[in-house]
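Reader: I have a protein model open beside its sequence, and I am not sure where to begin. Could you take me through it feature by feature?

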Amino acid sequence: MLDGIQVATYDPGNPTVDTIVRDNHVRGAVVDGFAVGVGGVERPRRTQVVGNEATGSGDDGFDVRSPRTTLARNLAVRSGDLGIDAARGVTDGGGNRARAQGQPGAVRRAHVPLTSPDTRSAHPIRAV
Ligand SMILES: [Ca+2]
């Protein structure tokens, strides 16, 4: 496991629910700074990722593949790939920012309006 902080379910039929990841600072994660639903056997449910910072992640600052996740007031700086990579259905709680990423678009597959002017998208971002 090379992510900084990972939320995942590894026990089939016993899902990870209502996890709160708050006010952490991950520096130099080899892969993703924060990963929700990237590994494991099923997606975690109702995860909240609030007030965190990922600096210098090898891949994404925040890689969120569980649609029932809320992101708010997070910051990604100098990620190797994307600042915030959010799956369809992820809820934008506001205040998410990304700066100086490896990819020209800081946010991909974000079908929520990520509200900061520091956040750029390589693809249209739309509200759900
Ligand atoms: Ca990733």
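Author: We will go from the confidence of the model to its strands, then to its core and to one buried residue.

Reader: What is the mean pLDDT of the protein chain, and where is confidence lowest?

Author: Begin with confidence, since this is a predicted model and pLDDT gives the predictor's confidence in each residue. Here the mean pLDDT of the protein chain is 80, and 77% of its residues reach 70 or more. Confidence is highest in S2, at a mean of 98, and lowest in strand S13, residues 107-108, at a mean of 48. Over residues 106-128 the pLDDT stays under 50, although the model does have 66 contacts beyond four places in sequence for that stretch.

Reader: How many helices and strands does the protein chain have?

Author: The protein chain has 13 strands and 0 helices, and a reading along the sequence therefore gives β at every step of the pattern, from the start to the end.

Reader: In what order do the strands of the open sheet lie, and which are the edge strands?

Author: To read a sheet, follow which strand pairs with which. In this open sheet 4 strands lie in the order S2-S5-S8-S11, and their pairing is parallel. The edge strands, which each pair on one side only, are S2 (20-22) and S11 (91-92). Between S2 and S5, the latter covering residues 47-50, there are 3 bridges; among them, Ile20 is partnered with Gln48, and Arg22 with Val50. S5 is also joined to S8, residues 69-72, by 4 bridges, and one of these pairs Val49 with Leu71.

Reader: Which side chains along S5 are buried, and which are not?

Author: Along a strand, look at which face each side chain points to. In S5 the side chains alternate, so that Thr47 and Val49 point to one face and are buried, whereas Gln48 and Val50 point to the other face and are not buried.

Reader: Which residues touch the most other members of the largest nonpolar core?

Author: In soluble globular proteins, nonpolar side chains tend to be buried together. In this model the largest nonpolar core has 21 residues, of which Phe34, Val36 and Phe62 touch the most other members. At least two residues of this core come from each of the strands S4 (34-36), S7, S9 (75-77) and S10 (84-86), and the largest share, 3 residues, is supplied by S4. Leaving aside neighbours within four places in sequence, Phe62 has contacts that include Phe34, Val49, Leu71, Ala76 and Ile84. Over the whole protein chain of 128 residues, 43% count as buried.

Reader: Is Asp63 buried or exposed, and why?

Author: To decide on burial, count the other C-beta atoms within 10 Å, where 20 or more means buried. Asp63 is buried because 25 other C-beta atoms lie within 10 Å. The residue is in strand S7, which covers residues 62-64.

Reader: Which residues are in contact with Asp63, beyond its neighbours within four places in sequence?

Author: Asp63 is in contact with Asp32, Ala35, Val38 and Asp85, once those neighbours are left aside. Another separation to look at is that of Asp63 and Ile84, which are 21 residues apart in sequence and 6.1 Å apart in space, taken from C-alpha to C-alpha.

Note on methods: Residues numbered from 1 in each chain as written. Pairing = 2+ DSSP bridges. Buried ≥ 20, exposed ≤ 12 C-beta atoms within 10 Å, placed from the backbone. Contact = placed C-beta atoms within 7 Å. Core = buried A, V, L, I, M, F, W, Y, C linked by C-beta atoms within 7 Å. pLDDT = per-residue confidence, 0-100.
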